[in-house]
Amino acid sequence: MQNENGEIVDLYVPRKCSWTNRLLTAKDHGAVQINVANVDPVTGTATGDCATFAFSGNLRFRAEGDMALVELVRQNDAQQVAE
């Protein structure tokens, strides 16, 4: 829910899986959140900011987490280069 100024005023905003858009509930003990550092393409050093990805336990159970992480990082890199 948002107020008149456009600020989010909800007490709890649930996380979603970055790959499947499933809600990550409190009972999903297999869910993880991974921060990947953004790297300057010219110098190859970390810029100090990062991209955050969350994965559900179901995705990890099906052994698709590594494929999802690689693809999301590839999309994030393409987006950073375009900007």
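The lining of the largest pocket in this predicted model comprises 6 nonpolar, 4 polar and 3 charged residues. These belong to a lining of 13 residues, among which Asn38, Val39, Pro41, Asp77 and Gln80 lie nearest the centre of the pocket, and the volume of the pocket is about 220 Å³. Two or more lining residues are given by each of the elements β3 (32–39), β4 (46–55) and α2, with helix α2 giving the most, namely 5 residues.

The confidence of the prediction was considered alongside the pocket. The protein averages a pLDDT of 90, and 100% of the residues score at least 70. Among the elements of the protein, helix α1 (residues 57–61) has the highest mean pLDDT, at 94, whereas helix α2 (residues 65–82), with a mean of 90, has the lowest; the element with the lowest mean pLDDT is thus also the one that gives the most to the lining of the largest pocket.

The cysteines were examined next. A search of the whole structure finds 0 disulfides, and for Cys17, which is in no disulfide, the nearest cysteine sulfur is that of Cys50, 18 Å away. Cys50 is likewise in no disulfide, its nearest cysteine sulfur being that of Cys17. With regard to solvent accessibility, Cys17 counts as buried because its relative accessibility is 1%, under the 20% cut-off, whereas Cys50, at 44% relative accessibility, counts as partly exposed, because this value falls between the limits of 20% and 50%.

Note on methods: Residues are numbered from 1 along each chain as its sequence is written. This is a predicted model: local features need pLDDT of at least 70, side-chain atom pairs count only at pLDDT 80 or more; totals for chains, interfaces and linings use all residues. Side-chain values use heavy atoms; hydrogens and water are left out. pLDDT is the predictor's confidence in each residue, from 0 to 100. Helices (H or I, at least four residues) and strands (E, at least two) are DSSP runs, numbered from the N terminus. On a 1 Å grid over the protein atoms alone, a cavity is a set of points where a 1.4 Å probe fits but cannot get out, and a pocket is an open set with protein on both sides within 12 Å along at least five of seven lines; lining residues have an atom within 4 Å of a point. Grid points are joined across faces, edges and corners, and a volume is the space filled by probe spheres set on the points. Ala, Val, Leu, Ile, Met, Phe, Trp, Tyr, Cys and Pro count as nonpolar, Asp, Glu, Lys and Arg as charged, and the others, Gly among them, as polar. A disulfide is a pair of cysteine sulfur atoms within 2.5 Å. Buried means under 20% relative accessible area, exposed over 50%, partly exposed in between (1.4 Å probe, protein chains only).
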